[in-house]
Amino acid sequence: MASLGTYLRLARAGFILVREGVVSSLPADDLPAPARFAHSIAGLLAKRRAKSAERSDRLARAVERLGPSWVKLGQFLATRPDVVGVDIARDLAGLQDRMTTFPEPVARRAIEESLGREVPELYTRFDPPIAAASIAQVHPAEISDDEATRKVAVKVVRPGVRQRFRRDLEVFYLVSQLQERFIPSSRRLRPVEITKTLEQTTRIEMDLRLEAAALSEMAENTRDDPGFRVPAVDWERTGRDVVTMEWIDGTKMSDVEGLRAAGHDLHALADTLIQSFLRHTLRDGFFHADMHQGNLFVDPKGMIVAVDMGIVSRLHRKERRFLAEILYGFITRDYRRVADVHFEAGYVPARHDPASFAQAIRAIGEPIHGQPAETISMARLLTLLFEVTELFDMETRPELVMLQKTMVVVEGVARTLNPKFNMWKAAEPVVASWIRDNLGPKRIATDVKAGAIAALRLAEQLPDLATRTERLATEVGEMAENGLRFDDATSEAIGKAEARHTRSGRIALWVIAIALVAIALRLY
């Protein structure tokens, strides 16, 4: 049960959403009559200025008043158009994770407590913050070693953010539980599981050691990749509340004119971006899940540099194989294969007809083949997929939704660089290579090798398994001969449970007896 404080915090959040006009801006056509009445009342209570503002502006003002945790919630729900709808997801995606900076002395104290060393000992220069988000803020600094003095970026966690997030998370759980309880149609989307995913990703984002580890892993994976890299991490100056990394001198991908003025090939950058993302996804099963323009730079050498890896995601080999087969099925117009893959993966419940699902997939795929490749929008394709999977009770797959969201964002960035960007042509070398290596004869050799390794490990465990089996057989034999024995604590617990059961049974019998007597008297 939620505490009274949780309900009060939920009431405050609801009041702010009403006053800022967010509730009244939501569609109400499909709501039942009581909900439509409440929707109209919310419109009357909204501020005058909110009534004339765009919905995205209303959301921005409301979230700013609610605080950092709600910024993260909004950004997270922007990745879930299957939950909030495509239009609202688009509005949420525009939320700016820009907060006021906290004082430099507070940041210095956090660094010293996290690393156990004084700031002057760690950095030869430490400057005031230049940017702040809901979780942390960034300071320019310099360090000196035997090689030279070099500039670094120091990211420091916002004080008190963990405690604030913990309190707000109780509200998020309460809302998701109420949603599952009173809106049966939403259970397919698993609101409580969505909240758990938000909790996990945000807790990871609040431990900067894990972001540093993600940067390190990505650096290893992309060491030989053309045109892409991530900043190097300074592990000596990294802890739970602080991460120090290479300072990136470059042009943000949001500054298209700046990129053009610097002499970069915008079309080549668009191709490199989508190919890099697909390599990370298919080859490594590990990708940057927040690749918007603000987190992407182009250095003077023309390399794309991705920063801020607080949000990452993974795909296991099985999911990567299914993803490739689904993509390949769309390309070759083999819609029955696409449908079969959904059923084999367990994405669609077995009670549905694969032929009917293949028909729905065809309704998505055929219009694609009738358009020029550069006009096909991945966002539109995914919107149709969400609609179809809802019809067939497909449960939410968080890892696939994160992949789809990131793919849409990356495609959007590529199209700002090249409005006629042909995603399929750019992706073909990477996807074709992965399909050739993992869905052809080479896959059989890989599977045989994996099976042989699994068999070898099983053989190594056989002596231990034999010993456990012999011990279990002996214990079962003793129980058959002497009966099952419990220790005193177990016997006492069983006795108490039996007593409660007997007492409950007697109460139930009395209730039934009284009801029967009442019925008899009424009939008499």
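**Helices H1 and H5: a right-handed crossing in which H1 passes H5.** The structure is a predicted model, in which local features need pLDDT of at least 70 and side-chain atom pairs count only at pLDDT 80 or more, whereas totals for chains, interfaces and linings use all residues. Residues are numbered from 1 along each chain as its sequence is written, and side-chain values use heavy atoms, with hydrogens and water left out. Helix H1 covers residues 4-19 and helix H5 covers residues 55-66, and the two pack at an angle of about 150° with their axes 9 Å apart. Helices (H or I, at least four residues) and strands (E, at least two) are DSSP runs, numbered from the N terminus; axes are lines fitted to C-alpha atoms, for helices over the stretch in contact, and angles run from 0 to 180 degrees between N-to-C directions. H1 and H5 are therefore roughly antiparallel to each other, given that angles under 35 degrees count as roughly parallel, over 145 as roughly antiparallel, 65 to 115 as roughly perpendicular and the rest as oblique. The crossing is called right-handed if the near helix is turned clockwise from the far one by less than a right angle, and left-handed if anticlockwise.

**Helices H6 and H12: an oblique pair with a right-handed crossing.** The axes of helix H6 (residues 68-77) and helix H12 (residues 191-206) come within 11 Å and cross at roughly 120°. Helix H6 is largely enclosed by the rest of the structure, because 9 of its 10 residues are buried, where buried means under 20% relative accessible area, exposed over 50%, and partly exposed in between (1.4 Å probe, protein chains only). Among these buried residues of H6 are Trp70, Val71, Leu73 and Phe76, together with Lys72. Proline 191 belongs to helix H12 and is itself buried, with a relative accessible area of 6%. Although proline 191 and serine 176 are 15 residues apart in sequence, their C-alpha atoms are 5.0 Å apart in space.

**Helix H3: a nonpolar surface patch made by Phe37, Ile41, Leu44 and Leu45.** The patch has an area of about 420 Å²; patches are made of residues with over 30% relative accessible area and no salt bridge, like charges being joined within 9 Å and nonpolar side chains (Val, Leu, Ile, Met, Phe, Trp, Tyr) within 5 Å. Accessible areas come from the Shrake-Rupley method with a 1.4 Å probe, and for residues only the protein chains shown count as cover. Phenylalanine 37 lies in helix H3, which spans residues 33-45, and counts as exposed because its relative accessibility is 56%. Leucine 45, also found in helix H3, is partly exposed, with a relative accessible area of 47%. The C-alpha atom of leucine 45 is separated by 9.3 Å from that of phenylalanine 15, a residue 30 positions away along the chain.

**Helix H13: a salt bridge between the side chains of glutamate 211 and lysine 155.** The nitrogen and oxygen of this pair are 2.9 Å apart, and the pair links distant parts of the chain, with glutamate 211 in helix H13 (residues 208-221) and lysine 155 in strand S4 (residues 149-157), 56 residues apart. A salt bridge is a side-chain nitrogen of Lys or Arg within 4 Å of a carboxyl oxygen of Asp or Glu, and the structure holds 29 of them. Glutamate 211 is buried, with a relative accessible area of 2%, and lysine 155 is buried with 14%. The side chains of glutamate 217 and arginine 314 also meet in a salt bridge, at 2.8 Å from N to O; here glutamate 217 lies in helix H13 and arginine 314 in strand S12 (residues 312-314), 97 residues apart. Glutamate 217 is partly exposed, with a relative accessible area of 26%, and arginine 314 counts as partly exposed at 44%.

**Helix H20: a salt bridge between glutamate 411 and arginine 415.** The closest N and O atoms of the pair are 3.1 Å apart. Both residues lie in helix H20 (residues 398-417), 4 residues apart, about one turn of the helix, and both glutamate 411 and arginine 415 are buried. Elsewhere, salt bridges that share partners join Arg117, Glu121, Asp234, Glu236 and Arg237 into one network.

**The loop between strands S11 and S12: aspartate 308.** Strand S11 covers 304-306, and aspartate 308 is found in the loop between S11 and S12. Aspartate 308 has a positive phi of about 55°, although it is not a glycine. With a relative accessibility of 26%, aspartate 308 counts as partly exposed.
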